[in-house]
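Q: I am new to reading structures like this one. Could you pick a single part, look at it closely, and then show me what lies around it?

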Amino acid sequence: MRDVSAGYGASDIIASVTLQAARARITTIAGPNGAGKSTLMKTLVGLLRLRRGEIVIDGRDITHLSPPQRALAGLGYVPQERNVFKNLTIGENLRIGFEFIWRKAAENEFKASRDRVLDLFPDLSARLGEVAGTLSGGQRQMLAMGCALVPGPSTLLLDEPSAGLSPRYVTTMLNAVAAVNRAGVTVIMIEQNLIEAMRISHEVILLVAGEIRGKWDAQAFLDDPDVRSLFLGGAKAKNKGSDSERISDDASAA
Amino acid sequence: MQALLNGLVSGLLIALPAIALSLTYGILNFANFSIGAMVTTGAYLAYIANASFGAPIILAAPLAAIFLALIAIVIQRGVYHQIRNADHVTLLVASMGVAFVLENVIRFFYGADVRTLDVPVARPLIWNGLRLNHEQLVIVVVASSAMAVVAFLLKRTRLGRAMRAISDDPDLAEVRGIERARTVDWTWAISGALTALAGVMIALDGIIDPMIGMNYLVSVFAAAVIGGIGNPFGAVVGALIIGLVEETSALAVSTTYRQGISFVVLVLVLLARPQGLFGSVRIRR
């Protein structure tokens, strides 16, 4: 995105933001509460109309596209809250994730895509007929992720995928993100749990008060003493290895 | 038993506009006050096809449904879409305006005269002392079929899932690739077709005048609210309750108070369950 400003009412929440997420990498957007991270996501996905600037994905200008058109262009999105259709079944949620992107696809194509997603989140596979609103927070998050993945997006936007999850679900969720990324999907995610997020991230962008304040490789971000004291509570990184070590860690956990 | 049978038929008749009201409420989150005027318009459209152009009622009824579906889309694009970001009270007032316009257009062309459809008179069916006239039989068959089609559409088709998804969370529906405007158009079209069929059946069972739809307004709203407004399946149950209560109450009090009885039932149900009978089924957390 280039020189993008957006907000609610008269004021801009994000101002002149320019950022580039590398293709087929995981870019994490970090920042304090109220920095404008979710506003940035909503602008990218088209739910919030930008006032200035342009958004380009895979070389295609999507600035003036509606949210459904952006979804058709390959943009998948998992909101932090209200991320599943609560009164529809789990199976219907997954079907909706697929059928409005691939309108002419055959039933067996949907089932193949759905089964690939259910391999990532096996907890859901036995509950396809249950209403999504009966799921726990973690299971809803997984379903939301599954719905975004089932049409096979080229770019995935995740708004705090581990928010409110138990440690077990955090690991499952982030491993799924890493696995999706290994399949070539570009991932842009907001995450508060930075230590866990850095386990799978390649790059970090810091957003403060609606402006970009810096960009790091994930390891450099973890190693930066100022960053650690400000955002990680002074904690040391768990995985102080190379990129390849991080990826192999993901693979074993997946 | 005769009152119960009549109540069942009456409930099925109310069910169609009650479903229509629930569908549009679920998606647009406002109560469409023009539902009565839409019923009236449906009756007059069938009258035009049947009495003015000589089409048999079996052809006039679907023609009325198609034309009212198109009129509903035009109203959606011309009125409700223009003020889509307004609060639900503004939309409700706009729907009152639509009702006045529809009724007065009808009055302009057809006056306030009472009219009837050109249909052959048939003997009623008598079974074990129960009397079911031809029009009532048509109401049972048409209303049941229309409800079955709507249930199939909502549960089993892509359009139905889109409608339910938008009703559940419109923003999420859009990011999943659902075109909101197109789905809303379809919802109005279905709503128009259902109310037109209701109008035709009311006209079959009696007379046509510019107020026939308005006479059912309280009953339709009561049915939709009792069922849990926004829930089309609840609206059917609400309509059957209202139909049965209205008909059986006629055994004790004058039919003049029929709508008053609907209102009393509505108040009693809301006192016991403010969300309606099936309102709690919808998950909002």
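A: Let's begin with a sheet in chain A. Three strands make up an open sheet, lined up in the order β2-β1-β4 of chain A, and their pairing is antiparallel. At its edges stand β2 (14-17) and β4 (52-54) of chain A, each of which pairs on one side only. Going from one strand to the next, the twist averages 30°. Keep in mind as you look that this is a predicted model.

Now zoom in on one pairing. Strand β1 (residues 2-6) of chain A joins β4(A) in the antiparallel sense, over two bridges. One residue pair to find on your screen is A:Arg2, whose bridge partner in β4(A) is A:Glu54. What holds such partners together? In general, the strands of a sheet pair through backbone hydrogen bonds, in a parallel or an antiparallel way.

Which helix packs on this sheet, touching β1 and β2 of chain A? That is helix α1 (residues 37-45) of chain A, and its direction makes about 60° with that of β2(A).

Follow that helix and you arrive at another sheet. This one is an open sheet of six strands with mixed pairing, in the order β7-β8-β9-β3-β10-β11 of chain A. Its edges are β7 (75-78) and β11 (211-217) of chain A; each has a single partner strand, so one side of each is left without a neighbour in the sheet. Here the twist averages 15° from one strand to the next.

Inside the six-stranded sheet, strand β3 (residues 26-30) and strand β10 (residues 203-208) of chain A pair in the parallel sense, over four bridges. A pair to look for is A:Ile29 with its bridge partner A:Ile205 in β10(A). The helix we met before, α1(A), lies across β3, β7, β8 (155-159), β9 (186-190) and β10 of chain A, and runs at about 150° to β8(A). Helix α6 (residues 137-149) of chain A also packs on this sheet: it touches β7 and β8 of chain A, and its direction makes about 170° with that of β7(A).

Let's step back to chain A as a whole. The chain has 11 helices and 11 strands. A compact globule of 254 residues would have a radius of gyration near 18 Å, and chain A, at 18 Å, agrees with that. Its C-alpha atoms fill a box of roughly 50 × 40 × 30 Å along the principal axes. Buried residues account for 46% of the chain's 254 residues. Among contacts in chain A with a separation of 6 or more, 68% join residues 24 or more positions apart.

What does chain A meet on its way to chain B? There, 24 residues of chain A are in contact with 16 residues of chain B. On the chain B side, α6 (158-168) and α7 (170-175) each supply at least two residues. α6(B) gives the most, with five residues. By type, the residues on this side of chain B divide into five nonpolar, one polar and 10 charged.

Is α6(B) mostly covered or mostly open? Mostly covered: eight of its 11 residues are buried, including B:Met163 and B:Ile166. Both chains help to cover those buried residues: the cover includes α3 (90-99) of chain A, along with α1, α5 (134-156), α7 and α8 (180-205) of chain B.

Finally, look at the interior. The largest nonpolar core has 166 residues, and those with the most contacts inside it include A:Val177 and B:Ala223. Helix α1 (residues 2-28) of chain B gives the most to this core, with 14 residues. B:Ala223 is one of the buried residues of α9(B). Helix α9 (residues 217-227) of chain B has 10 of its 11 residues buried, so it is largely enclosed by the rest of the structure. Its cover includes α1, α2 (35-52), α10 (232-249) and α11 (258-272) of chain B. Setting aside neighbours within four places in sequence, B:Ala223 is in contact with several residues, among them B:Ile14, B:Ala15 and B:Gly238. Right after α9(B) comes B:Gly228, whose phi is positive, near 100°.

Terms used: Residues numbered from 1 in each chain as written. Chains lettered and ligands numbered in written order. Predicted model: local features only at pLDDT ≥ 70, side-chain atom pairs only at ≥ 80, totals over all residues. Contact = placed C-beta atoms within 7 Å. Nonpolar A, V, L, I, M, F, W, Y, C, P; charged D, E, K, R; others polar. Core = buried A, V, L, I, M, F, W, Y, C linked by C-beta atoms within 7 Å. Buried ≥ 20, exposed ≤ 12 C-beta atoms within 10 Å, placed from the backbone. Rg over C-alpha atoms; globule rule 2.2 N^0.38 Å. Pairing = 2+ DSSP bridges. Axes fitted to C-alpha atoms, helices over the stretch in contact; angles between N-to-C directions.
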